[in-house]
Amino acid sequence: MEARCLYFTLFSASNLRSVRKYKKMKVYAKVSVAGKSKCTEVDLENGTNPEWNAPFKFIIPEEKIIQAQGKISIKIELFCKRNLKQDKYVGEVHLSLDSQCAKSGNNTCLVDKSGTNSGSSNFGTLMYASVLGDKIIIEDSSSSEDQDCINKGQMAQIGTAIGTTILTAAVTVAVAVIAI
């Protein structure tokens with residue numbers, strides 16, 4: 001299957017409207033491309049001017065790019081991390097990258113509540129960079145990213161099964177020792 005790697009870096013946001021009344025915001029971003037989502041770390045220090053410098057790699061099947069008429073849609077949602085309640089929505093950005101313009105330098109765009117990037121409801125700005133790689137061939141229908149996730153999940157299940165077996169054996173031995 002043909003695909004392309006999108007290297008996307010989310011640098012920072014600035015002048016975000018605070019969604020907290022008393023404490024400083026702790027902001028993270030969720031980046032979604034081609035049905036896959038990845039999150040930045042939570043910036044605990046910078047409040048309404050978070051910095052992440054978070055690089056992401058997305059593998060996008062060429063068929064999805066063709067279906068979207070050469071456009072790659074990117075959705076970036078910003079959230080304020082909260083300890084006791086659900087994280088609070090701050091704003092979002094919708095980007096449409098042209099696959100013909102494979103390289104893109106640092107860019108700035110407006111954050112808004114509705115995701116239209118209209119500028120009428122400015123909730124701050126976001127800085128990012130993107131580079132779309134050349135076409136590559138992927139052996140199977142699942143990308144290497146997906147395969148890594150599956151392997152980690154399988155390893156966790158195996159580890160849990162081994163731990164349960166060891167714990168069961170230890171309890172059996174302890175009961176046998178007590179019975180003696």
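Which pattern does the protein chain follow, read along the sequence? The answer is β-β-β-β-α-β-β-β-β-α.

**View 1. The whole chain, with 2 helices and 8 strands.** This is a predicted model, where local features need pLDDT of at least 70, side-chain atom pairs count only at pLDDT 80 or more, and totals for chains, interfaces and linings use all residues. Residues are numbered from 1 along each chain as its sequence is written, and side-chain values use heavy atoms, without hydrogens or water. Helices (H or I, at least four residues) and strands (E, at least two) are DSSP runs, numbered from the N terminus. Of the 180 residues in the protein chain, 34% are buried (under 20% relative accessible area, 1.4 Å probe, protein chains only).

**View 2. Ser12 in strand E1.** Strand E1 spans residues 2-14 and holds Ser12. Ser12 has a relative accessible area of 16%, so Ser12 is buried. Contact means heavy atoms within 4.5 Å. Leaving aside residues up to four places away in sequence, Ser12 touches Pro50, Glu51, Trp52, Thr125, Leu126 and Met127.

**View 3. Contacts across the chain.** Take the contacts in the protein chain with a separation of 6 or more. Residues 24 or more positions apart account for 61% of them.

**View 4. The lining of the largest pocket.** Lining residues have an atom within 4 Å of a pocket point on a 1 Å grid. Among them are Val19, Arg20, Tyr22, Lys81, Asn83 and Leu84. By class, the lining has 3 nonpolar, 1 polar and 8 charged residues. Lys and Arg count as charged, Val, Leu and Tyr as nonpolar.

Terms used: Buried means under 20% relative accessible area, exposed over 50%, partly exposed in between (1.4 Å probe, protein chains only). On a 1 Å grid over the protein atoms alone, a cavity is a set of points where a 1.4 Å probe fits but cannot get out, and a pocket is an open set with protein on both sides within 12 Å along at least five of seven lines; lining residues have an atom within 4 Å of a point.
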